[in-house]
There are 2 protein chains.
Amino acid sequence: MERIESHACFGGTQEVWSHASSALACDMRFGIYLPPQVRTQACPVLYWLSGLTCTEQNFITKAGAQQYAAQHGIILVAPDTRPRGEGIADDDDEALGQGAGFYVNATQAPWSANFRMYDYVVDELPALVDDCFATDSARSICGHSMGGHGALVIALRNPGRYRSVSALAPICALSRVPWGERALTDYLGADQDQWRAWDAAALIESATGDRQSLLVDQGDADPYLAQLQPALLQAACEASGHPLQLRMRAGYDHSYYFISSFIGEHIAWHAAALKGAA
Amino acid sequence: MERIESHACFGGTQEVWSHASSALACDMRFGIYLPPQVRTQACPVLYWLSGLTCTEQNFITKAGAQQYAAQHGIILVAPDTRPRGEGIADDDDEALGQGAGFYVNATQAPWSANFRMYDYVVDELPALVDDCFATDSARSICGHSMGGHGALVIALRNPGRYRSVSALAPICALSRVPWGERALTDYLGADQDQWRAWDAAALIESATGDRQSLLVDQGDADPYLAQLQPALLQAACEASGHPLQLRMRAGYDHSYYFISSFIGEHIAWHAAALKGAA
């Protein structure tokens, strides 16, 4: 593990690390913000999953999240969105997110060799972070767009693992939108029964245990609403009695200007869960 | 004048505009953040000048300044750092800032044809902004690195024009550091007497009228301290009785992580001046 960057920021430190990932069979980078409190105590961790075309840089340079993490004493971990490097499968169709990982475990060649972002985010990265930094046992997860999908799906598939989950402009029903149909066909094959396990709205419909409250912000001027489908999330939650706060934000688009406007509210919401009783 | 971007942000709007500049004889872009208050009242303007290698994008995407502008009801205007385009003089030596404008009026060919960033920032841009947006008559100026130099020099050369001036990691004595020696030789020629008019510390030493208080933040882990020379600014202020708050920030470097950590304090300081009595 190698530290690539380190910058003082809001009294703490914004760092970028590179390490050899076994889940992804390549080197991976992640950003980690260590708030000032981490010098004297273990802190909870909020994982952030970014969207299509992003690396670990977008969130740490553009979201303005560090000030809120410093205020609440929360570590922020923001991994790159996909395996990268020589010999790793790729596709030129960036607009369809083919190059992105969608936070699934791919089963089809050539993707299955490296595209196991689900395992990376759920298991490998937290184990590494807990091993190398002063974390306590509480963790939460949040993300944007493709990463909002990732956060919702990961929390829904792992009840009890995250104290709280939220998303900004998430892809709410990956198996039923063009981005997902394309990606899931490639990653998982044509059997659509396999797709439901990676569809947040479908997971809500089929869930049986405790239902963890979801916080979602969505701009109503977002040009990708047809890919995001917040209405399908809302319908699934209503049909299943799943608690959801879906806040439609008038005039906001899909950009980091939207994220930065509301990330403070999300971090405050996660802080309440992370610092409450287990 | 054409609007290139518009994004809802902290209740206001972050926009980017392009226009034909007469001072620079090319098309120029600037970012403008319009806080929510501008819908119902004229607002004061804080001009931001960026550093080497920046465009109008760096500040608006990375500084996290909009939230504070929204809080205080201040318009933020952030122009590109230099004329650009076909037929405009350029130089590959980016590390020496040769491609940047240093906010001077160049007198030497080929630079004199377009490199008049001083006139652009002092006269043309404010006239345009005042003409097209709901501004009141109060304005202040702030910047980073090369832009911190620009802010200090512009305010010092125009007493009474800006309610307040501040800088983050400014180049404090342009005529006496390698970046400036190279740039000023090209822009102004070898006569170093001409250079003093573009050197903040030298302007302070030779000033005679009212002395406007300066606020400067500087990271003590900044790798460019030899180019920035805050000690020369401090010495000039002490020798001249010029009021200066120079805050050395332990551990901070030259990046936008430094800027974002302290921009809120700068905007609050400008807000107090912009909203006080004229």
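Biologist: Which residue stands opposite Gln14(B) in S3(B)?

Modeller: This is a predicted model, in which residues are numbered from 1 along each chain as its sequence is written, while chains are lettered from A and ligands numbered from 1 in the order in which they are written. Local features need pLDDT of at least 70, side-chain atom pairs count only at pLDDT 80 or more, and totals for chains, interfaces and linings use all residues, with side-chain values taken from heavy atoms and with hydrogens and water left out. Strand S2 (residues 12-21) and strand S3 (residues 26-34) of chain B run antiparallel and are joined by 9 bridges; helices (H or I, at least four residues) and strands (E, at least two) are DSSP runs, numbered from the N terminus. Opposite Gln14(B) in S3(B) stands Tyr33(B).

Biologist: What does the twist average from one strand to the next in the sheet of chain B?

Modeller: In chain B, 9 strands form an open sheet with mixed pairing, in the order S1-S2-S3-S5-S4-S6-S7-S8-S9, where two strands pair if DSSP finds at least two bridges between them. Strand S1 (2-9) and strand S9 (244-249) of chain B are the edge strands, each pairing on one side only. From one strand to the next, the twist averages 20 degrees.

Biologist: What angle does the direction of helix H8 of chain B make with that of S9(B)?

Modeller: Helix H8 (residues 230-240) of chain B packs on the sheet and touches strand S8 (214-219) and S9 of chain B, a contact being heavy atoms within 4.5 Å. Axes are lines fitted to C-alpha atoms, for helices over the stretch in contact, and angles run from 0 to 180 degrees between N-to-C directions. With the direction of S9(B), that of the helix makes about 155 degrees.

Biologist: And what angle does the direction of helix H9 of chain B make with that of S7(B)?

Modeller: Helix H9 (residues 256-275) of chain B also packs on the sheet, where it touches strand S4 (43-49), S5, strand S6 (135-144), S7, S8 and S9 of chain B. The angle between its direction and that of S7(B) is about 175 degrees.

Biologist: Is Ser18(B) buried or exposed?

Modeller: Ser18(B) lies in strand S2 of chain B, and, leaving aside residues up to four places away in sequence, it touches Met1(B), Glu2(B), Ile4(B), Asp27(B), Met28(B) and Arg29(B). Buried means under 20% relative accessible area, exposed over 50%, and partly exposed in between (1.4 Å probe, protein chains only). Because its relative accessible area is 14%, Ser18(B) counts as buried.

Biologist: How many of the 12 residues of H4(A) are buried?

Modeller: Helix H4 (residues 146-157) of chain A reaches 16 Å from its first C-alpha to its last, close to the 16 Å expected at 1.5 Å a residue, the expected span being 1.5 Å times one less than the number of residues. Its buried residues, including Met146(A), His149(A) and Leu156(A), pack against strands S4 (43-49), S6 (135-144), S7 (165-168) and S8 (214-219) and helices H3 (117-132) and H6 (200-206) of chain A. H4(A) is mostly covered, and the number of its 12 residues that are buried is 11.

Biologist: What is the relative accessible area of Ser145(A)?

Modeller: Ser145(A) is found in the loop between S6 and H4 of chain A, and it has a positive phi of about 60 degrees although it is not a glycine. Ser145(A) is buried, with a relative accessible area of 3%.

Biologist: Which residue's backbone oxygen does the side chain of His242(A) reach?

Modeller: His242(A) is found in the loop between helix H8 (230-240) and strand S9 (244-249) of chain A, and it counts as buried at 6% relative accessibility. Among the residues that His242(A) touches are Leu156(A), Ile204(A) and Cys237(A). At 2.8 Å, its side chain reaches the backbone oxygen of Gln212(A).

Biologist: Which residue of chain B comes closest to the rotation axis?

Modeller: A turn of 180 degrees and a shift of 0.0 Å along the axis lay chain B on chain A with an RMSD of 0.0 Å, the copies being superposed by least squares on the C-alpha atoms of residues with pLDDT of at least 70 in both. That is the relation of a two-fold axis, and the same surface serves both copies, since 100% of the contact residues of chain B recur in chain A. At 2.5 Å (C-alpha), the residue of chain B that comes closest to the rotation axis is Lys62(B).

How values were computed. A polar contact is a pair of N or O atoms within 3.5 Å; within protein, one must be able to donate a hydrogen and the other to accept it, and residues adjacent in sequence count only if both atoms are side-chain atoms.
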